[in-house]
Amino acid sequence: MNKYTYCLYNGKRPVSWVSAILLVLALVFSGAGLAEVPNAVPPEGEHKGDDVPQPIHFPHDTHAKINEINCMYCHTYARRSKVAGIPPTSKCMGCHSVIATDSDRIKKLTEYWEKNESPPWKKVHDVPDYVHFTHEKHMKRFLFDNEDMEVERVSEVCAFCHGEVKDMEVANKVKPLNMGFCQRCHEANGGPSDCWACHK
Ligand code: HEC
Ligand code: HEC
Ligand code: HEC
Ligand code: HEC
Ligand code: HEC
């Protein structure tokens with residue numbers, strides 16, 4: 001008997017199958033975190049990106065989920081500029097000069113650091129140059145100026161355009177980020193619709 005069947009049978013009599021199914025659904029959905037970003041209509045559209053071979057297999061889940069490191073601790077610029085930015089190796093070494101130093105991947109990271117180089121990370125998301133995009137405006141609207149939203153929930157805003165990166169081992173493109181995707185979300189959330197907003 002696993003712990004859930006135990007829960008179901010520890011009363012005077014077994015609960016009905018209907019309530020058992022409802023209970024299981026409730027457990028599944030509470031685990032999936034159904035809370036939504038307030039004052040926002042999430043964008044629609046999925047994409048199946050290929051894995052991008054990176055110089056070091058960097059596990060987002062280990063950092064952002066298991067160790068609960070905030071997305072913006074590493075992607076520092078998202079709040080105030082066009083780009084979100086990839087953290088410099090010095091930021092990694094703040095931890096990895098002492099954490100997991102025996103691992104092959106951290107040895108490779110340390111080699112780059114000692115050569116004064118950054119691992120040549122490959123881009124996963126790339127909109128064409130004729131498209132104007134800025135992280136700052138979106139982070140303001142959906143996070144910092146969103147009065148019902150807690151800043152700790154930042155990853156849910158990132159997820160609009162990048163999916164649940166904290167559950168990914170290696171960052172992958174899972175949203176189309178094409179014109180229709182951007183335009184539909186602008187329409188649903190009161191963003192600009194004129195061509196020149198996105199094509200400067
Ligand atoms: C705030 C601390 C912290 C920072 C900053 C940090 N990491 Fe980590 N990293 C960890 C922890 C904790 C683990 C899990 C270690 C373990 O499981 O033994 C880890 C694990 C890893 C692993 C897997 C190691 C293995 O083989 O199991 C890699 C690769 C890695 N980090 C790369 C990086 C890179 C690259 C950066 C910079 C972009 C970075 N880390 C920044 C704390 C950090
Ligand atoms: C410990 C530092 C660290 C943390 C914390 C972290 N990232 Fe990253 N992120 C990286 C590094 C290093 C890369 C480059 C390697 C790669 O693309 O896999 C990266 C790549 C990405 C990319 C792909 C960038 C591109 O090239 O298009 C996205 C999107 C991303 N991160 C989002 C997030 C989100 C969302 C969170 C929070 C859930 C987060 N990251 C937390 C270090 C971090
Ligand atoms: C409204 C959509 C949207 C949101 C929200 C968003 N991004 Fe992005 N992100 C993009 C687009 C589009 C690109 C590609 C930009 C380009 O090619 O110039 C990108 C690129 C990136 C990159 C690659 C490096 C760079 O700066 O261009 C990282 C890392 C990244 N995003 C992390 C994040 C993180 C972390 C968050 C949440 C704090 C976030 N993004 C929120 C759309 C978004
Ligand atoms: C989650 C919904 C959403 C998605 C997805 C989204 N946007 Fe936006 N965007 C908005 C909203 C809402 C605003 C208005 C923000 C404000 O003014 O407070 C905005 C503002 C902007 C601005 C600033 C316009 C200006 O001049 O002030 C640009 C540029 C932009 N978006 C481009 C894009 C592009 C390009 C994409 C697709 C890669 C995209 N957006 C995806 C919701 C979204
Ligand atoms: C909310 C942002 C946004 C707005 C508003 C927008 N576009 Fe785009 N547009 C994009 C993005 C993102 C792409 C890149 C598509 C891709 O990578 O496939 C694009 C691509 C294009 C292209 C290249 C051809 C193609 O379809 O791939 C043309 C032409 C274009 N847009 C014209 C327009 C015109 C005309 C308007 C006004 C009616 C407009 N766009 C409004 C975001 C926008």
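Visitor: Where is Ala100 found in this chain?
Guide: Ala100 is found in the loop that runs between helix H5 (89-96) and helix H6 (104-114), and since we are starting with a single residue, please keep in mind that this is a predicted model.

Visitor: What is its phi like?
Guide: Ala100 has a positive phi of about 55 degrees, although Ala100 is not a glycine.

Visitor: And how many other C-beta atoms lie within 10 Å of Ala100?
Guide: There are 13 other C-beta atoms within 10 Å of Ala100, so this residue counts as partly exposed.

Visitor: Which other residue, not a glycine, has a positive phi?
Guide: Leu177 is one of them, with a phi near 50 degrees, and Leu177 lies in the loop between H8 and H9. With 19 other C-beta atoms within 10 Å, Leu177 is partly exposed.

Visitor: Back to Ala100 for a moment. Which residues are closest to ligand 1?
Guide: The closest are Cys92, Cys95, Ala100, Ser103 and Arg105, out of 20 residues that surround ligand 1. The elements that give two or more residues to this shell are helix H3 (60-66), H5 and H6, and the largest share, five residues, comes from H5.

Visitor: How does that shell divide by class?
Guide: The shell around ligand 1 has twelve nonpolar, six polar and two charged residues.

Visitor: OK, ligand 3 now. Which residues come nearest there?
Guide: His75, Val83, Ala84, Cys158 and Cys161 come nearest, among the 22 residues around ligand 3. Two or more residues of this shell come from each of helix H4 (71-74), helix H7 (135-144) and helix H8 (154-162), and H8 gives the largest share, with six residues.

Visitor: How many of the residues around ligand 3 are charged?
Guide: One is charged, while 15 are nonpolar and six are polar.

Visitor: And what comes nearest to ligand 4?
Guide: Around ligand 4 there are 21 residues, of which Arg141, Cys182, Cys185, Asn189 and Gly191 come nearest. At least two residues of this shell are supplied by each of H7, H8, helix H9 (179-189) and helix H10 (195-198), with the largest share, four residues, coming from H9. By class, the shell around ligand 4 divides into twelve nonpolar, seven polar and two charged residues.

Visitor: Let's change topic. Which residues make up the largest nonpolar core?
Guide: That core has ten residues in all, namely Ala64, Cys71, Ala78, Met139, Phe142, Leu143, Val154, Val157, Cys158 and Val165. The elements that give two or more residues to this core are H7 and H8.

Visitor: Why would nonpolar residues be found together like that?
Guide: As a general tendency, nonpolar side chains in soluble globular proteins tend to be buried together.

Visitor: What does Ala64 touch?
Guide: If residues up to four places away in sequence are not counted, Ala64 touches Ile69, Cys71, Ser155, Val165 and Lys166.

Visitor: And which residues of H7 are buried?
Guide: In H7, the residues Met139, Phe142 and Leu143 are buried. They cover an arc of only 90 degrees around the axis, and therefore they sit on the same side of H7. What covers the buried residues of H7 includes H8.

Visitor: Is Glu147 buried or exposed?
Guide: Glu147 is exposed, because it has 7 other C-beta atoms within 10 Å. The place of Glu147 is in the loop between H7 and H8, and although Glu147 and Pro38 are 109 residues apart in sequence, they are 8.7 Å apart in space, C-alpha to C-alpha.

Visitor: Zooming out, how many helices and strands does the chain have?
Guide: The secondary structure comes to ten helices and zero strands. Of the 200 residues of the chain, 8% count as buried, and among contacts between residues at least 6 apart in sequence, 66% join residues at least 24 apart.

Visitor: Last thing: what is the mean pLDDT of the chain?
Guide: The mean pLDDT is 87, and 83% of the residues reach 70 or more. Over residues 1-15, however, the pLDDT is below 50, and this stretch has six contacts in the model beyond near neighbours in sequence. Over residues 26-34 the pLDDT is also below 50, and that stretch has one contact in the model beyond near neighbours in sequence.

Note on methods. Residues numbered from 1 in each chain as written. Chains lettered and ligands numbered in written order. Predicted model: local features only at pLDDT ≥ 70, side-chain atom pairs only at ≥ 80, totals over all residues. Near = placed C-beta within 6 Å. Nonpolar A, V, L, I, M, F, W, Y, C, P; charged D, E, K, R; others polar. Core = buried A, V, L, I, M, F, W, Y, C linked by C-beta atoms within 7 Å. Buried ≥ 20, exposed ≤ 12 C-beta atoms within 10 Å, placed from the backbone. Contact = placed C-beta atoms within 7 Å. Arc of directions from axis to C-beta. pLDDT = per-residue confidence, 0-100.
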